[in-house]
Amino acid sequence: MSRHSAASKILGSAFYVPPKIVTNDDLAERIDTSDEWIRQRTGIEERRYSGPEDTPAAMAEKASRKAVEQAGIDLSEVDTILVASLSPDHTFPGTSCFLQDRLGLPGTACMDIRNQCTGLLYSLATADAFIRSGQSKYVLVVGTEVHSTGLDFSDEGRDVTVLFGDGAAAVVVGPTEDPDRGFLAHCLHADGRGAKELWTPSPGSSVFPFRAPETMFEDRSVYPQMNGRAVFKHACTHVPEVIQEVLQKTGYALDDVDLLVPHQANMRINEMIGKQLGLPPEKVVHNIQRYGNTTAASIGIALHEAREDGRIQEGSLVLMAAFGSGFTWAASLVRF
Ligand code: UT7
């Protein structure tokens, strides 16, 4: 087998978004923003907000059950659960343990992966490596986020708040005998020098002396903070780079790729990346209009929608790529 033979493939996928739709106009009633500004700068038209019944683990369960059913395996065959989330149900333990309990799978390995917008790609790469090594056979990979309970709904937070939505996506990864079908390569990167360009400072164990929670609300350090321009610039540089890297690693050319499923942070970023690479617009998936940025869930939701509407079929060569907080960036190439 060559170095980039597939060992694992996507057996099933699904997503769940909460039913409550929040339009740009709805947000403009709460904060100083407008539908026009949000659409022009980001492409977002609406997003979903969850309620108490749709915690990250609860949404993950709904997506997971559907993905496992589609995979055609019994739930009890899942031996590993990987959950990517920057908005976990609780500080600890990880959401993977809460999800495992909901699914009724005591004893399965559970791991939370803290990689924000690249969380799903880091998790898929981990699942692939676990299967390749014989550590796992069927891995449930989930990206799930409830952003709406952690956003700053004052005018000060408007640059970040308008971008994010809630949702979950699940992917079941299992072994393959066909070296040409499945994950062909992953490229994972990070640069911690950018850690504070997109972060939520509090609460955190690095803060001494102990601070009363109300002070974190007073200085707004409990809300996500972003240097939007810096993130935009780095995304437009690193995503095309990592796409070229994963193609070089596998020997494929951009023309061979049937579809690019990028992280959904800003439609302008993805249009710019498509243009830089010379990809025709119909080969780049956008669904940010309907969901906003759902961080670890976004690639999973877009991937599943593209499978459902026929843009991804048996044999399709699909690139997934993301950039986000950390900074982290990643790409995966998969043949369906
Ligand atoms: O998945 C995580 C990764 N995140 C990203 O990839 C986000 C990357 N960054 C971006 O997408 C863009 O930087 C934003 C969409 C966040 C912002 O767009 P921008 O063109 O960089 O705007 P800006 O921050 O430079 O702000 C331009 C103006 C400012 O007003 P002045 O100073 O020109 O008067 C802001 O105060 O827009 C104002 N502004 C808003 N106006 C209405 C900022 N946020 C808003 C808002 N509504 N929500």
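**Helix crossings and residue surroundings in a predicted model**

Helices α3 and α4 are oblique to each other (angles under 35 degrees count as roughly parallel, over 145 as roughly antiparallel, 65 to 115 as roughly perpendicular and the rest as oblique). This is a predicted model, in which local features need pLDDT of at least 70 and side-chain atom pairs count only at pLDDT 80 or more, while totals for chains, interfaces and linings use all residues. Residues are numbered from 1 along each chain as its sequence is written, and side-chain values use heavy atoms, leaving out hydrogens and water. Helices (H or I, at least four residues) and strands (E, at least two) are DSSP runs, numbered from the N terminus.

Helix α3 covers residues 56-71 and helix α4 residues 95-103; their axes come within 9 Å and cross at roughly 55°. Axes here are lines fitted to C-alpha atoms, for helices over the stretch in contact, and angles run from 0 to 180 degrees between N-to-C directions. The crossing of α3 and α4 is right-handed, meaning that the near helix is turned clockwise from the far one by less than a right angle, whereas anticlockwise would be left-handed. On the α3 side, P56, A57, A58, A60, E61, S64 and R65 meet T95, F98, L99, R102 and L103 of α4, where contact means heavy atoms within 4.5 Å. This contact has seven nonpolar, two polar and three charged residues (Ala, Val, Leu, Ile, Met, Phe, Trp, Tyr, Cys and Pro count as nonpolar, Asp, Glu, Lys and Arg as charged, and the others, Gly among them, as polar).

Further along the chain, the axes of helix α8 (residues 228-250) and helix α9 (residues 267-277) come within 10 Å and cross at roughly 45°, which makes this pair oblique. Here too the crossing is right-handed. Residues F232, A235, C236, V239, P240, I243 and Q244 of α8 meet R268, I269, M272, I273, Q276 and L277 of α9. By class, ten of the residues in this contact are nonpolar, two polar and one charged.

These helices belong to a protein chain with eleven helices and 13 strands. Its radius of gyration is 19 Å, close to the 20 Å that the globule rule gives for 336 residues, so the chain is as compact as a globular protein of that length; the radius is taken over C-alpha atoms, and the rule is 2.2 Å times the number of residues to the power 0.38. Of the 336 residues, 56% count as buried (under 20% relative accessible area; exposed is over 50% and partly exposed in between, with a 1.4 Å probe and protein chains only). Among contacts with a separation of 6 or more, 77% join residues 24 or more positions apart.

Three residues help to picture the surroundings inside the chain. L82 lies in strand β4 (residues 80-84) and, at 0% relative accessibility, counts as buried. Not counting residues up to four places away in sequence, L82 touches M111, S123, T126, A127, V139, L140, V141 and V142. Q100, in helix α4, is also buried, at 13% relative accessibility. Leaving aside neighbours within four places, Q100 is in contact with I81, L105, P106, G107, T108 and C110. R132, found in helix α5 (residues 119-133), is partly exposed at 40% relative accessibility. Beyond residues up to four places away, R132 touches S5, A6, A7 and F183.
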